[in-house]
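Visitor: Please take me through one part of this protein in detail. I would like to look at the salt bridges and the residues that form them.

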Amino acid sequence: MHMADALISPSIACAMYVCAGAVGAYCIKKIELQDDAKKIAMMGIMGAFVFATQMINFAIPGTGSSGHLSGGVLLAAILGPYAAFLTMMSVLLIQCLLFADGGLLALGANIWNMSFYGCFIGALIWKFMMQNGASKTKIILASLIACVLSLQLGAFSVVLETLVSGITSLPFAIFAAAMQPIHLAIGLVEGLITAAVLCFIYETRGEILWGIGNLASKTRLTFSKLFGVLSIATLTIAALLSLVASEFPDGLEWSLEKVAGTSELESQGSIYETALKLQESTALLPDYAFIDSQNPLGTSISGIVGALVVLILCIFACYLFRIFKSKTSV
């Protein structure tokens, strides 16, 4: 669901940057990291995990479309909404700058559409369903409901942002009619993937999950072993499973092709050209590949590099937040 710059006007792009930045600043104010090294480590490894899983597009049968995990609900269920949102911001920032995934002008909108609903609406659904204790059944239901709802809201936001931008001729009703059903299907698959990961954590180190009341202790793995399992899974997904990702267009691209006949809409104007040149200057592995090369090794390297950069960025940013908050509280 990464929007390209061609869908959004500069004024709406600026407004979405302000919205995403305001939520990010609020999350920095609210997040608690002073004495929680495990939470910082989980932000890093789960950010890397989400980055890796987003590289795997799964086909939606019978549609010619594909989807990928967004990850907001998964992160919120483990980290809480504030840490989850900041982690998603890190993932989307690295995707945009290093891999040219999503437009630079549209980055604020992408952060909002892919992070806000999953991390906050998803967190509300998760906490409500877990308030009297957790079970695998509850985890599965909460994951499905939260993922479906957050993707529906995110998809509709894309349609609204495109409409109010007014720089395309996409008909609102037809565009929405294409976006919502395909993202319903994607949301169901994401819900099942999210539930599988959360059920694994619930059975191995359940106290790590956020917002769960009256949880009987489940410690089949030490924290270091769980971190190791997640690290191995992340590297395996990034380096190997990414090679077998579906080549079908994702839900947004598929919808654009249905409505406009192409997903490659053009943008004109100096601000678009400047944004594109800036993004090209930072994108070391555009489209998760070596420049001007079809070597599949480029995809594997992209996955590994991206996951490591996200992990380092999340952990480094957390320690900066701790220093900042300790100084401002004096």
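Guide: What follows covers the salt bridges, then a helix and two loop residues.

This is a predicted model, in which local features need pLDDT of at least 70 and side-chain atom pairs count only at pLDDT 80 or more, while totals for chains, interfaces and linings use all residues. Residues are numbered from 1 along each chain as its sequence is written, and side-chain values use heavy atoms, with hydrogens and water left out.

Side chains of opposite charge can pair when their charged atoms come close. A salt bridge here is a side-chain nitrogen of Lys or Arg within 4 Å of a carboxyl oxygen of Asp or Glu. The count by this rule is three.

Glu-203 pairs with Lys-136 at 3.8 Å, N to O. This pair links distant parts of the chain, with Glu-203 in helix α7 (residues 172-205) and Lys-136 in helix α6 (residues 136-165), 67 residues apart. Helices are DSSP runs of H or I with at least four residues, numbered from the N terminus. Glu-203 is buried at 15% relative accessible area, and Lys-136 is partly exposed at 43%. Buried means under 20% relative accessible area, exposed over 50%, and partly exposed in between, with a 1.4 Å probe and protein chains only.

Glu-203 also forms a salt bridge with Arg-220, at 3.4 Å, N to O. Arg-220 sits in the loop between α7 and α8 (223-239), 17 residues from Glu-203. Arg-220 is exposed, with a relative accessible area of 64%.

Arg-205 and Glu-207 make a salt bridge with their closest N and O atoms 2.5 Å apart. Arg-205 is buried at 13%, whereas Glu-207 is partly exposed at 42%. Through shared partners, salt bridges join Lys-136, Glu-203 and Arg-220 into one network.

Helix α5 is mostly covered, with 20 of its 24 residues buried. α5 bends by about 35° at Phe-116, the bend being the angle between axes fitted to the seven residues ending there and the seven starting there.

Most residues other than glycine have a negative phi. Ala-100 has a positive phi, near 55°, and lies in the loop between α4 (81-99) and α5 (107-130). Ala-100 is partly exposed at 27% relative accessibility. Asp-292 also has a positive phi near 55°; its place is the loop between α10 (270-282) and α11 (297-328). Asp-292 is exposed, at 81% relative accessible area.

Conventions. Helices (H or I, at least four residues) and strands (E, at least two) are DSSP runs, numbered from the N terminus.
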